[in-house]
Amino acid sequence: MRLIRSSSWHAVTTFILLVGMQPVQASIDLNLSNKDSIKKAAKVAAAGMVRYYTGYRPGDVPGNLPDPYYWWEAGAMFGSLIEYYYYTRDTQYVDMTTQAMLWQVGRDKNYMPDNQTRTLGNDDQAFWALSAMSAAEVKFPDPPPDQPQWLELAQAVFNTQAHRWDTSTCGGGLKWQIFAFNAGYNYKNTVSNGCFFNLASRLAVYTNNETYAQWAERTWDWVNATGLIGPSYQFFDGSDDRKNCTEINHIQWTYNAGLFLLGAANMYNHTNGAEIWKTRLENIIAGLDIFFKDNVMTEVFCENTHCDVDQRSFKAYLSRWMAATTSKAPFTYDLLMPRLRASAAAAALQCNGPDNACGLRWTRGADYDGSTGVGEQMSALDVFQANLADRVPPRVTNSTGGTSKGDPNAGTRNSDEKFLGISEMKIAVGDQVGAGVLTSIFVVATICGVLFMVK
Ligand SMILES: *[C@@H]1O[C@H](CO)[C@@H](O)[C@H](O)[C@H]1NC(C)=O
Ligand SMILES: *[C@@H]1O[C@H](CO)[C@@H](O)[C@H](O)[C@H]1NC(C)=O
Ligand SMILES: *[C@@H]1O[C@H](CO)[C@@H](O)[C@H](O)[C@H]1NC(C)=O
Ligand SMILES: *[C@@H]1O[C@H](CO)[C@@H](O)[C@H](O)[C@H]1NC(C)=O
Ligand SMILES: *[C@@H]1O[C@H](CO)[C@@H](O)[C@H](O)[C@H]1NC(C)=O
Ligand SMILES: *[C@@H]1O[C@H](CO)[C@@H](O)[C@H](O)[C@H]1NC(C)=O
Ligand SMILES: *[C@@H]1O[C@H](CO)[C@@H](O)[C@H](O)[C@H]1NC(C)=O
């Protein structure tokens, strides 16, 4: 548009000629009334996502994505493929996914592989556990018996993190980082605590063990008491524990709301529909308004400016967890589905890049924004397949057909102290980087500045 406005007729004709000569890439066809059409759209988006992954090739490391993708996003990506199997019954990625999910468990079988642990945040570790949890819930094929099992892996991460609950500041909560030498160790953030809440509530439903439910309650109460849940159920980013969590970073991301949405749905389910969780769930859903424009999902705190590599994947998780919420709390179906439908339709239009690559900004419809990557593909995949939520059997528990074997004591035999003891000498000064899910306090200031201009 800008080109035409500022140009002579000569430029206009050149422009028209150029456009006319280039084959215009069509968007992905998506008929939301047709199951096969949704599956087909998911298949195209999945292929576009998996194209970035080379870990299954000989000589490559299973479970890792190439730069610039952090380790946690690979865990999230395999979660997307686990859900893909559930929704479509397409088995083509099952072996690849199992290989990756098992390769990365680490020596203690709790998603702390040596290669990642020194830069690991609680959220990074938890994202792999949430994928393992999904695998148990959707009956993703169980690993061979001599390998760790999905439920056991989720329990191992839960136990490792429950041990890290930190009452020395802010009255409790999990820190973002695990080790003091990592930037972000002083940040108690919503995503780390949200992952823990989400995992605990789902373990409560799957195993019917009350201990998990108690941890979920404790985490909710702490997050709320700390002011990380706002009066209109905004989920703010986090708080500095050097100030005893008296100051809140107010930025909001889709995935934080999604974590609490699905966690609350599981608590609602676990309590057989307790009024308190029903109300919370309804309020969380009302609070989602900020992330939708005409029912189309938007990562509103960055899409007007610049979303980093991590942030470009966040809509995948809100989509994934909205769909799962309709399974655990069926009354939410009519509240959530209109948004998943409109978002999927808009995302399909935005998948009109080369080879149907999906752009980031669904609110732009067919006006392709040129942003490409694993996050963009994953978000489109998750929002497409979310529309199959009412066409699949419900997610299972141990007592309703689940087959994944657990171990309530998994992850309790190892400790962060032990890890530090054996690895301290290997950590060079230059390695002291804070990797992981990017809610970094350092970028927040920048983003807030940018937002101020936008708003
Ligand atoms: C969408 O799918 C439904 C169900 O298969 C079909 O009846 C309808 O004609 C399709 N719509 C379009 C525009 O193809
Ligand atoms: C750790 O990194 C090494 C070197 O790249 C690789 O050979 C190994 O497979 C990796 N281990 C895991 C669990 O990723
Ligand atoms: C820190 O916050 C917690 C939770 O609000 C409170 O119980 C505690 O007294 C505070 N500590 C200090 C030193 O202010
Ligand atoms: C959250 O905390 C506020 C203030 O402490 C309290 O009034 C409110 O009842 C709590 N809400 C929930 C849903 O836990
Ligand atoms: C709990 O989840 C199951 C399985 O999805 C569902 O059938 C049941 O209705 C849910 N319970 C409540 C109280 O909604
Ligand atoms: C899960 O179900 C199996 C088979 O029904 C049963 O043997 C086992 O005790 C159950 N585990 C838990 C934790 O309830
Ligand atoms: C319930 O979970 C807790 C915490 O992991 C564990 O200590 C306990 O043994 C579990 N109880 C049963 C019956 O599995």
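## Ligand 5

In this predicted model, an oxygen atom of ligand 5 lies 2.3 Å from an N or O atom in the side chain of Asn269. A second polar contact involves the protein backbone: a backbone N or O atom of Ser327 is 2.7 Å from an oxygen atom of ligand 5.

Asn269 and Ser327 belong to the set of residues that surround ligand 5. The others in this set are Tyr268, Asn272, Gly273, Lys328, Pro330 and Pro394.

## Ligand 4

Ligand 4 has Trp220, Asn224, Tyr233 and Arg280 around it. Two of these residues can be described through their side chains. An N or O atom in the side chain of Asn224 is 2.3 Å from an oxygen atom of ligand 4, and a polar side-chain atom of Trp220 is 3.1 Å from an oxygen atom of ligand 4.

## Helices α7 and α8

Two packed helices are described by the angle between their axes and the distance between the axes. For helix α7 (residues 122–137) and helix α8, the axes come within 7 Å and cross at roughly 150°. Because angles over 145 degrees count as roughly antiparallel, α7 is roughly antiparallel to α8. The crossing of these two helices is left-handed.

On the α7 side, the contact is formed by Asn122, Gln125, Ala126, Ala129, Ala132, Met133, Ala135 and Ala136. On the α8 side, Trp150, Leu151, Leu153, Ala154, Val157, Thr160 and Gln161 take part. Sorted by class, the contact of α7 with α8 comprises 11 nonpolar residues, four polar residues and no charged residues.

## Helices α14 and α15

Helix α14 (residues 333–350) and helix α15 (residues 374–386) have axes that come within 8 Å and cross at roughly 135°. This angle makes α14 oblique to α15. The crossing of α14 and α15 is left-handed.

From α14, the residues Met337, Leu340, Ser343, Ala344, Ala347 and Ala348 meet Val383, Phe384 and Ala386 of α15. By class, eight residues in this contact are nonpolar, one is polar and none is charged.

## Backbone features in two loops

The loop between α3 (35–50) and α4 (71–88) contains Pro68. The peptide bond that leads from Asp67 to Pro68 is cis, and its omega is near 5°.

Another backbone feature concerns Cys170, which is located in the loop between α8 (150–162) and β1 (187–189). Although Cys170 is not a glycine, its phi is positive, at about 60°.

Technical notes
Residues are numbered from 1 along each chain as its sequence is written. Chains are lettered from A and ligands numbered from 1 in the order in which they are written. This is a predicted model: local features need pLDDT of at least 70, side-chain atom pairs count only at pLDDT 80 or more; totals for chains, interfaces and linings use all residues. Side-chain values use heavy atoms; hydrogens and water are left out. Axes are lines fitted to C-alpha atoms, for helices over the stretch in contact, and angles run from 0 to 180 degrees between N-to-C directions. Helices (H or I, at least four residues) and strands (E, at least two) are DSSP runs, numbered from the N terminus. Angles under 35 degrees count as roughly parallel, over 145 as roughly antiparallel, 65 to 115 as roughly perpendicular and the rest as oblique. A crossing is left-handed if the near helix is turned anticlockwise from the far one by less than a right angle, and right-handed if clockwise. Contact means heavy atoms within 4.5 Å. Ala, Val, Leu, Ile, Met, Phe, Trp, Tyr, Cys and Pro count as nonpolar, Asp, Glu, Lys and Arg as charged, and the others, Gly among them, as polar. A residue is near a molecule or strand if one of its heavy atoms lies within 4 Å of it. A polar contact is a pair of N or O atoms within 3.5 Å; within protein, one must be able to donate a hydrogen and the other to accept it, and residues adjacent in sequence count only if both atoms are side-chain atoms.
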